[in-house]
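Hello! Here are my notes on this model, as numbered points to read with the structure open beside you.

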Amino acid sequence: MRGIIADLLRGYGFRVVQADSIEQALTVSKEFPIGAFLVDVQIRGSSGLDFCRTIRSMDEYKVSPIIVITSVQERNILLDAFGAGCDDFIIKPIDGVVLL
């Protein structure tokens, strides 16, 4: 799914950097200036919401857009996502028009 999203965004001219884990995403975010984050709620070995909290605590990303991707439509998960610092969410399966 991540590859499909990356290909779609690249097709519209976005530069895309991917990460397989929270640790890798944090490393990448320190190496490259990231304009916006797409974060799955469920990341291998951890929670995407933990990543949101960590990113929000970094001075350079206090206002960067964070969009959470989730297959869960439960209100409490979405409220937790906003509480963790996300700006919006997209429900899976992802519609390309909604993503753009």
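1. Let me start with Phe89, which sits in strand E5; helices (H or I, at least four residues) and strands (E, at least two) are DSSP runs, numbered from the N terminus. At 27% relative accessibility, Phe89 counts as partly exposed, where buried means under 20% relative accessible area, exposed over 50%, and partly exposed in between (1.4 Å probe, protein chains only). Not counting residues up to four places away in sequence, Phe89 touches Ile67, Val68, Leu78 and Phe82, contact meaning heavy atoms within 4.5 Å. Phe89 and Met58 are 31 residues apart in sequence, and their C-alpha atoms are 21 Å apart in space.

2. A word on ground rules. This is a predicted model, in which local features need pLDDT of at least 70 and side-chain atom pairs count only at pLDDT 80 or more, while totals for chains, interfaces and linings use all residues. Residues are numbered from 1 along each chain as its sequence is written, and side-chain values use heavy atoms, with hydrogens and water left out.

3. Which residues touch the most other members of the largest nonpolar core? They are Phe37, Val39, Phe51, Cys52, Ile55, Ile66 and Val68, out of 20 residues in that core. A nonpolar core here is a set of buried Ala, Val, Leu, Ile, Met, Phe, Trp, Tyr and Cys residues joined through side-chain atoms within 4.5 Å. Helix H2 (22-31), strand E1 (37-40), helix H3 (48-56) and strand E4 (66-70) each give two or more residues to this core. Another core lies apart from it, with 8 residues, including Ala6, Val16, Ile69 and Leu99.

4. Cys52 is worth a click. Leaving aside neighbours within four places in sequence, Cys52 is in contact with Val39, Ile66, Val68, Ala84 and Cys86. One of these partners, Ala84, is found in the loop between H4 and E5 and is buried, with a relative accessible area of 4%. With the same sequence neighbours left out, Ala84 is in contact with Leu49, Cys52, Arg53 and Arg56.

5. On to helix H3, where Gly48, Leu49, Phe51, Cys52, Ile55 and Arg56 are buried. These buried residues fall within an arc of 155 degrees seen down the axis of H3, so they line one face of the helix; the arc is that of the directions from the helix axis to the C-beta atoms. The buried residues of H3 pack against H2, E1, E2, strand E3 (46-47), E4 and helix H4 (75-83).

6. Helix H2 can be read in a similar way. Its buried residues are Ile22, Ala25, Leu26, Val28 and Ser29. They cover an arc of only 165 degrees around the axis, which puts them on the same side of H2. The face turned away from that buried side carries the exposed residues Glu23, Lys30 and Glu31. E1, E2, E3 and H3 are among what covers the buried residues of H2.

7. Please look at the loop between H3 and E4 too, where Tyr61 is placed, as is Ser64. Tyr61 is buried, with a relative accessible area of 3%, and Ser64 is buried at 9%. Beyond neighbours within four places in sequence, Tyr61 is in contact with Ser29, Phe32, Pro33, Ile34, Phe37, Ile55 and Arg56. On the same basis, Ser64 is in contact with Ile34, Gly35, Phe37, Arg56 and Asp87. The C-alpha atoms of Tyr61 and Phe37, 24 residues apart along the chain, are separated by 9.7 Å.

8. What is the volume of the largest pocket? It is about 1000 Å³. On a 1 Å grid over the protein atoms alone, a pocket is an open set of points where a 1.4 Å probe fits, with protein on both sides within 12 Å along at least five of seven lines; lining residues have an atom within 4 Å of a point. Grid points are joined across faces, edges and corners, and the volume is the space filled by probe spheres set on the points. Of the 35 lining residues, Val17, Gln18, Phe37, Leu38 and Val39 are the closest to the pocket's centre.

9. Finally, a detail to check by eye: a cis peptide bond joins Lys92 and Pro93, with omega about -5 degrees. Pro93 is in the loop between strand E5 (88-91) and helix H5 (96-99).
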